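Thanks for coming, everyone. Please have a look at the sequence and the model on the screen before I start.

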Amino acid sequence: MRLALALARRGVGCTSPNPPVGAVIVQEGKVVGKGWHKAAGQPHAEIEAINDALRTQQDLRGATLYVTLEPCSTLGRTPPCTEAIIKEKFARVVIGCSDPNPSHSGIATPILKKEGIVVTEGVLREKCRWLIRAFAKHVNTGLPWVVAKLAVSLDGRIAPAPGQDRVLSGPQSLRFAHRLRLESDAIVVGAGTVRADDPALTIRYVPVPKQKKQPWRVILTRSGDIPANARVLTDEHRHRTQIVHNCTWPDLLRKLSQGGVQSVLIEGGGKTVASALEAGVVDELHLIVCPVVLGGPVQAFATERWLIPPVKAKMFSPRRLGKDMLISAVLSRDYLISQPQEH
């Protein structure tokens with residue numbers, strides 16, 4: 001299952017509106033097939049693993065299938081995976097977690113058991129659930145999973161003096177930030193960030209799968225004064241840029257969700273992140289603390305009011321990124337909303 005999880009992570013950010021899923025086939029104690037879901041409309045992880053195994057195996061009779069998510073049992077853009085599992089005469093199926101969609105959850109197990117297939121559920125359940133948190137929140141609430149990221153100085157500032165290098169964090173932190181972009185369907189920044197930094201908001205510094213689309217670049221503005229020559233309006237991905245005027249966070253997230261966005265990354269600036277925290281829409285927060293003191297007026301979280309009650313982290317984990325310190329916190333457990341009990 002750990003191998004299946006590692007495979008599934010290759011699809012994170014590429015599979016919307018589907019979840020990332022990994023699958024491994026074991027026969028006579030040996031791994032004979034591996035696969036993961038690469039993109040919506042392409043074969044599911046189970047089918048990828050079956051096809052991989054059949055390249056070298058005569059048949060899969062008596063094999064065990066490990067899959068991070070309950071196999072699909074209904075016809076969508078691809079046939080149900082339960083049919084392929086039954087056809088190949090698997091002896092056992094090991095499932096990480098059930099489908100968070102209440103209309104699909106728990107359907108696969110009775111179908112497989114009826115055919116004499118042994119089913120084991122809940123192996124590394126929490127890790128498998130965490131992997132699909134954006135999908136789970138989307139199907140249960142109609143809203144995307146929201147991640148906020150900021151790089152800050154030791155004194156809580158996000159911008160150096162005019163004329164100074166505006167990049168605070170080191171190379172490891174930069175790669176982490178671009179990994180977050182890779183895993184997101186949309187990137188949100190304020191118009192002030194576009195005016196000050198002219199960011200490209202593209203994915204660099206990390207390998208990008210060929211099926212990965214440039215995330216939507218969403219620019220929030222009140223006045224509409226975006227420079228006409230800004231990169232987000234003139235580069236090859238300009239058709240993936242949206243300028244949003246005077247929109248509340250709930251309305252924006254609902255609109256993005258209706259367009260198929262399951263995961264949103266808020267990259268700044270301080271006022272934009274603060275407004276999202278004030279609105280209570282941030283699920284996951286990443287703070288990169290850099291070993292420098294800046295001074296100056298630009299605070300990391302330019303909140304206009306006290307957060308009452310304070311937003312408390314449900315999960316918290318610090319770790320080093322080179323010379324920087326990454327502080328990650330989960331502020332929501334909405335990915336478990338309406339999560340059915342394992343069957």
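I'll go through salt bridges, two helices, the cysteines, a pocket and two single residues.

First, the ground rules. This is a predicted model, so local features need pLDDT of at least 70, side-chain atom pairs count only at pLDDT 80 or more, and totals for chains, interfaces and linings use all residues. Residues are numbered from 1 along each chain as its sequence is written, and side-chain values use heavy atoms, with hydrogens and water left out.

Salt bridges, then. I call it a salt bridge when a side-chain nitrogen of Lys or Arg lies within 4 Å of a carboxyl oxygen of Asp or Glu. How many salt bridges does that rule give? Twelve. I'll show three of them.

Start with lysine 137 and aspartate 283. Their closest N and O atoms are 2.7 Å apart. The partners are 146 residues apart in the chain. Lysine 137 sits in helix H6, residues 133-141. Aspartate 283 sits in the loop between helix H11 (270-279) and strand S11 (284-289). Helices (H or I, at least four residues) and strands (E, at least two) are DSSP runs, numbered from the N terminus. Are these two partners buried or exposed? Buried means under 20% relative accessible area, exposed means over 50%, and partly exposed is in between, with a 1.4 Å probe and protein chains only. Lysine 137 is buried at 5%. Aspartate 283 is buried too, at 2%.

Next, lysine 149 and glutamate 267. Here the closest N and O atoms are 3.4 Å apart. This pair joins strand S6 (residues 145-152), which holds lysine 149, to strand S10 (residues 263-268), which holds glutamate 267. That is 118 residues along the chain. Lysine 149 is buried at 10%, and glutamate 267 is buried at 13%.

The third is aspartate 225 with arginine 195, at 3.0 Å between the closest N and O atoms. Aspartate 225 lies in the loop between strand S8 (216-221) and helix H9 (231-234). Arginine 195 is in helix H8, residues 191-197. The two are 30 residues apart. Both ends are partly exposed: aspartate 225 at 40%, arginine 195 at 43%. Back to lysine 149 for a moment. Shared partners join Lys149, Arg181 and Glu267 into one salt-bridge network.

Arg181 brings us to helix H7, residues 171-182. The expected span of a helix is 1.5 Å times one less than its number of residues. For the twelve residues of H7 that gives 16 Å, and the end C-alpha atoms are 16 Å apart, which agrees. Which residues of H7 are buried? Ser173, Phe176, Ala177, His178, Leu180, Arg181 and Leu182. They pack against S6, strand S7 (186-190), S10, S11, strand S12 (315-321) and strand S13 (324-330). Contact here means heavy atoms within 4.5 Å.

One residue of S13 is aspartate 324. Aspartate 324 is buried, at 3%. Beyond its neighbours within four places in sequence, its contacts include Ser173, Gly170, Ile288 and Arg319. Its C-alpha is 33 Å from that of serine 257, 67 residues away along the chain.

Now helix H2, residues 45-54. Its buried residues are Ala45, Glu46, Glu48, Ala49, Ile50 and Ala53. The elements covering them include strand S1 (22-27), strand S2 (30-36), strand S3 (64-69) and helix H3 (81-87).

Cysteines next. A disulfide is a pair of cysteine sulfur atoms within 2.5 Å. The count is zero. Why no bond for cysteine 72? Its closest cysteine sulfur, in cysteine 81, is 3.6 Å away, too far for a bond. Cysteine 128 has its closest cysteine sulfur in cysteine 97, at 5.3 Å, again too far. Cysteine 128 is buried, at 1%.

Last, glutamate 278 in helix H11. Glutamate 278 is partly exposed, at 22%. From alanine 134 it is 144 residues away in sequence and 21 Å in space, C-alpha to C-alpha.That leaves the pocket. On a 1 Å grid over the protein atoms alone, a pocket is an open set of points where a 1.4 Å probe fits, with protein on both sides within 12 Å along at least five of seven lines; lining residues have an atom within 4 Å of a point. The second largest pocket has a volume of about 920 Å³. Among its 40 lining residues, the closest to the centre are Trp130, Arg133, Glu183, Glu284 and His286.

Methods
Points joined across faces, edges and corners; volume = space filled by probe spheres on them.
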